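Subject: The structure, and what turned up in it

Hello,

Here is the structure for you to open alongside this email. Once you have it on screen, the notes below should help you find your way around.

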Amino acid sequence: MSIVLADHRYGKAENRVVRFRRDTARHEIVDLNVTTTLRGDFADAYLSGDQSKVLPTDTQKNTVYAYAKEKGVATVEGYALDLARHFVDDVEPVSGARVDVEAYPWTRAQVGGNEHDHTWIRSGAEVRTAAATVSDGDGRQVVHVLAGLKDLTLLKSTGSQFKGFLTDAYTTLPETDDRVMATSLVATWRYGAAALADGFDFDAAYATIREALIEQFATLHSLALQQTLWHMGRSALERVPEAAEIRLLAPNKHHFDYDLARFGTDNHGEVFHAADRPYGLIQAVVANDVFPAAPEAWA
Ligand SMILES: O=c1[nH]c(=O)c2[nH]c(=O)[nH]c2[nH]1
């Protein structure tokens with residue numbers, strides 16, 4: 001028997017970076033949660049405790065903050081990419097880096113009917129995400145950028161049905177042709193090489209995909225959440241041809257008609273019990289077959 005050290009990686013998780021731009025009286029805010037993960041020649045740190053090749057996670061943290069100033073955060077994807085490239089290109093033992101970024105949304109406070117210059121209100125629960133991975137291998141560098149969103153909570157009060165499903169001895173679910181459909185969407189898409197060239201507008205692509213996802217959820221008469229996810233993913237990739245694939249993860253946040261007949265009251269789809277668990281968990285990967293697969297982008 002031989003016990004070996006298998007996969008290992010390390011980094012600084014959840015660096016909370018708030019970056020302002022104060023060049024004019026109208027300030028700008030970017031509010032981030034940044035996680036660095038490094039892979040490379042670090043086995044000795046585990047096997048013998050030799051730290052000579054270990055870039056401390058404290059240094060990684062400092063770099064995250066320094067880059068927010070030195071390189072700026074023009075887009076979250078670009079910032080993640082700058083950091084990931086730095087760790088691989090400039091720190092000898094590092095052969096692979098992943099930088100994950102979450103961006104929290106703030107909207108300007110309305111004061112006297114006008115947007116305030118330096119006061120914001122934290123808006124919504126929805127979080128924008130980005131992840132850049134850079135790895136050395138076979139004499140060339142492989143770069144991937146993922147972008148996405150999470151906690152986008154969507155609900156429609158009609159336009160959704162679920163019937164004709166498989167039944168067996170344990171099936172009790174009634175068929176319905178008018179139900180509430182709700183989810184808290186996680187969507188992550190991978191950009192192809194064209195998006196990694198300078199000048200690609202990550203913000204515009206993000207807005208286009210977000211809009212496509214919401215529009216499909218709203219306008220498609222849904223036969224199942226599975227069908228809705230397929231249409232969301234397809235529409236996103238059709239509208240942003242630089243996106244190679246999109247992964248969708250959607251909890252089915254069940255809303256059950258509350259039985260008011262017990263009290264002699266009709267309930268025509270007006271009063272529901274919003275159950276928080278268990279929930280259906282529907283997932284799909286939708287891909288544009290023009291692009292080669294890249295499972296390593298997700299590792
Ligand atoms: O859209 C749905 N898909 C399912 O697979 C499923 N299963 C279930 O009980 N309700 C639903 N709804």
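Let's start with helix α3, which takes in residues 76-90. Its 15 residues reach 21 Å from the first C-alpha to the last, close to the 21 Å expected at 1.5 Å a residue. Please keep in mind throughout that this is a predicted model.

The buried residues of α3 are V76, E77, Y79, A80, L81, L83, A84, F87 and V88. As a reminder, an α-helix has 3.6 residues a turn, so residues three or four places apart point the same way. If you colour the buried positions of α3, you can look at what they pack against: β2 (28-40), α2 (57-70), β3 (94-104), β6 (127-137), β7 (140-156) and α4 (202-219).

Now for the chain as a whole. It has five helices and 12 strands, and its C-alpha atoms fill a box of roughly 75 × 70 × 40 Å along the principal axes. Of the 299 residues, 30% are buried. Among contacts with a separation of 6 or more, 65% are between residues 24 or more positions apart.

Next, strand β9, residues 243-252. Seven of the 10 residues in β9 are buried, which leaves the strand mostly covered. Which strands does β9 pair with? One is β8 (residues 181-191), which pairs with β9 in the antiparallel sense over six bridges. Within that pairing, R190 has E245 of β9 as its bridge partner. Another is β12 (residues 280-287), also antiparallel to β9 and joined to it by eight bridges. Here A250 stands opposite I282 of β12.

Helix α5 (residues 225-239) is worth a look too. At 1.5 Å a residue, its 15 residues should span 21 Å, and the end C-alpha atoms are indeed 21 Å apart. The buried residues of α5 are L225, T228, L229, M232, G233, S235, A236 and L237. What covers them includes β8, α4, β9 and β12, so the two strands paired with β9 appear here again. Strand β9 itself is thus one of the elements lying over α5.

Then there is the ligand. Which residues surround it? They are F162, L173, A224, L225, Q226, N252 and G280. By type, this shell divides into four nonpolar residues, three polar and no charged.

Some of those names come up again in the UniProt record. One "binding site" annotation, from an unreviewed entry, covers T57, F162, R179, Q226 and N252. These positions are spread over 196 residues of sequence and also spread in space, up to 49.2 Å between C-alpha atoms. A further "binding site" annotation from the unreviewed UniProt entry covers T57, D58, F162, R179, Q226 and N252. For that set the spread is again 196 residues of sequence, and up to 51.3 Å between C-alpha atoms.

Here is how four of the annotated residues sit in the model:

- T57 is found in helix α2. It is partly exposed, with 15 other C-beta atoms within 10 Å. Leaving aside neighbours within four places in sequence, T57 is in contact with Y10, G11 and K12.
- F162 has its place in the loop between β7 and β8. F162 counts as partly exposed because it has 19 C-beta neighbours inside 10 Å, where 20 or more would make a residue buried. Not counting residues up to four places away in sequence, F162 touches T176, R179 and A224.
- Q226 lies in helix α5. With 15 other C-beta atoms within 10 Å, Q226 is partly exposed.
- N252 lies in strand β9. Is N252 buried, exposed or partly exposed? N252 counts as partly exposed, because it has 18 C-beta neighbours inside 10 Å. Leaving aside neighbours within four places in sequence, N252 is in contact with T183, L225, Y279, G280 and I282.

If you would like one place to begin, try N252. It belongs to β9, it is among the residues around the ligand, and the UniProt annotation covers it. Its contacts include L225 and G280, and both of these also surround the ligand.

Happy browsing, and do write back with any questions.

Best wishes

Notes:
Residues numbered from 1 in each chain as written. Predicted model: local features only at pLDDT ≥ 70, side-chain atom pairs only at ≥ 80, totals over all residues. Buried ≥ 20, exposed ≤ 12 C-beta atoms within 10 Å, placed from the backbone. Pairing = 2+ DSSP bridges. Near = placed C-beta within 6 Å. Nonpolar A, V, L, I, M, F, W, Y, C, P; charged D, E, K, R; others polar. Expected span 1.5 Å × (residues − 1). Contact = placed C-beta atoms within 7 Å. UniProt positions renumbered as here; feature names shortened; annotations may be inferred.
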